[in-house]
Structure formats: C-alpha cells, structure tokens
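Got your viewer open? Grab the mouse and let's take a walk through this fold, one selection at a time.

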Amino acid sequence: MAILEVLRFPDERLRTKAQPVTEFNDEIKTLVKDMLDTMYEEKGIGLAATQVNVHQQVVVMDHSEDRNEPMVFINPELTDKTGKFKNEEGCLSVPGIYEKVERWETVTIKYFDEHGEQHEKPADELLSICIQHEMDHLEGILFIDHLSPLKRQRAKAKLEKMARQAAKHG
C-alpha cells in the first residue's frame with residue numbers, strides 16, 4: 001500500500017493536462033491501487049491522477065456507503081450529456097472549500113479499466129457529478145474555476161491562511 005501525496009491548490013502542477021494511457025501494464029495497475037489507497041486514506045470519493053502529480057488520464061472513485069465499490073476510469077470520455085443542475089462540491093486538492101457547481105445531470109462515460117477493456121456506463125446524481133469533477137482535473141481544471149471570481153478569490157485566501165497556520169504548527 002502506497003499513500004501518494006495529494007497536490008493542494010494553488011500548486012501549478014494541478015493545471016497540467018493529462019495524457020491518454022497507451023499501455024495497460026503493471027505500472028498502471030500499481031498506480032490505480034495506490035490512487036485507491038490514497039483516496040480511501042484521504043476520505044475522498046474520487047481522485048484523478050493529476051492530483052497525485054501523475055499526468056495520465058486515470059480516475060478512481062468509490063461513492064458507496066461502505067467504501068467497497070471502487071471504480072476505475074482510464075481515458076474517460078463523455079458521450080451523452082443531458083440536463084443541468086447545481087450541487088455542492090468539495091475537493092481533496094482544495095480542502096475545506098465547498099461550493100455549488102453546475103454540472104450535467106446525467107452523462108454516459110466511455111472508458112477503459114486497468115486491464116485495457118473498454119466499457120460504457122450511464123451515470124446520474126452523485127456518480128455523474130464525481131465523473132465530471134474528476135475529468136475536469138484531467139484537463140487541469142479545478143471545481144473552483146467554475147465559481148465567480150469573488151468566490152474563487154475567497155477560497156484562495158482561505159486556503160493560503162490554512163497553509164500559513166499549518167506551517168506555523170507543523
């Protein structure tokens with residue numbers, strides 16, 4: 001089990017666009033396992049490889065109540081998007097900040113698993129939100145980028161204050 005370091009905003013590496021996975025090998029399987037371990041350790045429900053400074057199109061998720069239904073999306077692509085709704089989001093890379101973000105209500109995602117097998121899955125509600133949130137990370141986009149400039153600035157100020165306090169006490 002390897003717990004990876006989760007990058008925190010405003011780390012510029014979070015803005016790096018992820019590249020498609022071209023080889024489904026042991027390295028990818030290890031990355032997926034380490035990302036799942038990290039997500040569970042951090043008490044998150046989704047994690048994109050970009051957040052752990054690996055710039056490949058890999059996303060892991062588990063929004064089940066018992067935390068025992070891991071999902072892996074490699075080279076994800078949305079094929080259908082319908083409806084719009086706003087829901088509160090948070091992010092492991094933007095700790096302590098929760099804001100409403102508008103997303104597609106339902107999506108269909110086409111993706112590969114860690115074995116290189118292609119799948120397609122419809123998603124709504126929380127799964128739809130998570131997929132869109134994590135896919136944004138692969139594009140170098142954070143959920144706070146969807147906020148108004150004022151809310152984004154407040155979030156940045158709050159995170160900078162938290163970082164200063166952590167540095168004092170750490």
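Here's a short tour of the sheet and then of a helix that lies on it.

Before you click, know that this is a predicted model, where local features need pLDDT of at least 70, side-chain atom pairs count only at pLDDT 80 or more, and totals for chains, interfaces and linings use all residues. Residues are numbered from 1 along each chain as its sequence is written, and side-chain values use heavy atoms, leaving out hydrogens and water.

**Stop one: the sheet.** Select the strands (DSSP runs of E, at least two residues, numbered from the N terminus). Five of them make an open, antiparallel sheet in the order 1-2-3-4-5; two strands count as paired if DSSP finds at least two bridges between them. Strand 1 (46–48) and strand 5 (118–124) are the edges, each with a single partner strand, so one side of each has no neighbour in the sheet.

Now pick 58–61 and 71–91: these are strand 2 and strand 3, an antiparallel pair joined over four bridges. Look for Met61, opposite Met71 in strand 3.

**Stop two: helix 1.** Select 26–41, which lies across strand 1, strand 2 and strand 3; helices are DSSP runs of H or I, at least four residues. Which strands do its buried residues (under 20% relative accessible area, 1.4 Å probe, protein chains only) pack against? They pack against strand 1, strand 2 and strand 3, with contact meaning heavy atoms within 4.5 Å. Among them are Leu31, Val32 and Met35.

**Last stop: past the helix.** Click Lys43, which follows helix 1 and has a positive phi, near 65 degrees.

Technical notes: Axes are lines fitted to C-alpha atoms, for helices over the stretch in contact, and angles run from 0 to 180 degrees between N-to-C directions. Buried means under 20% relative accessible area, exposed over 50%, partly exposed in between (1.4 Å probe, protein chains only).
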